[in-house]
Amino acid sequence: ALKHLLERLRKSPQDLIAFGDEHNDTEMLAYAGQGYAMKNASDSLLPYADAMTQCSNEADGVAKQLAQLLL
């Protein structure tokens, strides 16, 4: 789905920022130009992430990381 969306938007995987917390997110994080494991992520996800957020899902980790990256 992400590949299709990026093609439609004429973007590359390097333009994609992805966030995950469980093993089902491994392919998404590996595909994204920047893949972040959440602070509370499963240990099985960590090898696929480029970095880890400083906050968990419950503490708005995605929003805080995006603010840091984009503002």
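## Exercises on a predicted model

P13 is partly exposed, with a relative accessible area of 27%. Keep that residue in mind; we will come back to it shortly. The model you are looking at is predicted, and each exercise below comes with a worked solution.

### Exercise 1: Place a loop proline

Task: Find where P13 sits in the chain, and work out what surrounds it.

Solution.
- Step 1. Start with the elements: P13 belongs to the loop between α1 (2–9) and β1 (17–20).
- Step 2. Now judge its cover. Buried needs under 20% and exposed needs over 50%, so P13, at 27%, falls in between as partly exposed.
- Step 3. Look for partners beyond four places in sequence: P13 is in contact with L6, Y31, A32 and G33.
- Step 4. Check one of those partners against the core. The largest nonpolar core includes L6 and A32 among its nine residues.
- Step 5. Finally, take a distance. P13 and N24 lie 11 residues apart along the chain, and their C-alpha atoms are 18 Å apart.

### Exercise 2: Describe the whole chain

Task: Give the order of the elements and decide how the radius of gyration of the chain fits a compact globule.

Solution.
- Step 1. Count the elements: the chain has three helices and three strands.
- Step 2. Read them from the N terminus, and the order is α-β-α-β-β-α.
- Step 3. A compact globule of 71 residues would have a radius of gyration near 11 Å; the chain has 12 Å, so the two agree.
- Step 4. Add the outline: along the principal axes, the C-alpha atoms fill a box of roughly 30 × 30 × 15 Å.
- Step 5. Turn to burial and surface. Of the 71 residues, 28% count as buried, and the chain exposes about 4,900 Å², with carbon and sulfur atoms supplying 51% of that area.
- Step 6. Close with the contacts: among those with a separation of 6 or more, 17% join residues 24 or more positions apart.

### Exercise 3: Explore the core

Task: List the residues of the largest nonpolar core, then follow one of them outward.

Solution.
- Step 1. The nine residues are L6, L16, A18, L29, A32, A37, A41, L45 and A49.
- Step 2. Pick A41 from this set. Setting aside neighbours within four places in sequence, A41 is in contact with G20, D21 and L46.

### Exercise 4: Compare two residues of helix α3

Task: Are Q65 and L69 buried, partly exposed or exposed?

Solution.
- Step 1. Locate both: Q65 is found in helix α3, and L69 is in that helix too, which spans residues 61–70.
- Step 2. Q65 has a relative accessible area of 9%; because this is under 20%, Q65 is buried.
- Step 3. Beyond four places in sequence, Q65 is in contact with F19, Y36 and T53.
- Step 4. L69 stands at 33% relative accessibility and therefore counts as partly exposed.
- Step 5. L69 also takes part in a nonpolar surface patch of about 360 Å², made with L70 and L71.

### Exercise 5: Tour the loops

Task: What is the exposure of S56, D43 and R10?

Solution.
- Step 1. S56 is in the loop between β3 (51–52) and α3. With a relative accessible area of 16%, S56 is buried. Its contacts beyond four places in sequence are M38, K39, N40 and G61.
- Step 2. D43 is in the loop between β2 (34–37) and β3, and at 63% relative accessibility D43 counts as exposed. From D43 to H23, 20 residues apart in sequence, the C-alpha distance is 8.5 Å.
- Step 3. R10 is in the loop between α1 and β1 and, at 78% relative accessibility, counts as exposed.
- Step 4. Now look at the backbone. R10 is not a glycine, yet has a positive phi of about 55 degrees. D60, in the loop between β3 and α3, likewise has a positive phi, near 60 degrees, and is a residue other than glycine.

### Exercise 6: Span the chain

Task: How far apart are the C-alpha atoms of H4 and T53?

Solution.
- Step 1. H4 lies in helix α1 and, at 52% relative accessibility, counts as exposed, because the cut-off is over 50%.
- Step 2. H4 and T53 are 49 residues apart along the chain, and their C-alpha atoms are separated by 27 Å.

Notes: Residues are numbered from 1 along each chain as its sequence is written. This is a predicted model: local features need pLDDT of at least 70, side-chain atom pairs count only at pLDDT 80 or more; totals for chains, interfaces and linings use all residues. Side-chain values use heavy atoms; hydrogens and water are left out. Patches are made of residues with over 30% relative accessible area and no salt bridge: like charges are joined within 9 Å, nonpolar side chains (Val, Leu, Ile, Met, Phe, Trp, Tyr) within 5 Å. Accessible areas come from the Shrake-Rupley method with a 1.4 Å probe; for residues, only the protein chains shown count as cover. A salt bridge is a side-chain nitrogen of Lys or Arg within 4 Å of a carboxyl oxygen of Asp or Glu. Helices (H or I, at least four residues) and strands (E, at least two) are DSSP runs, numbered from the N terminus. Buried means under 20% relative accessible area, exposed over 50%, partly exposed in between (1.4 Å probe, protein chains only). A nonpolar core is a set of buried Ala, Val, Leu, Ile, Met, Phe, Trp, Tyr and Cys residues joined through side-chain atoms within 4.5 Å. Contact means heavy atoms within 4.5 Å. The radius of gyration is taken over C-alpha atoms; the globule rule is 2.2 Å times the number of residues to the power 0.38.
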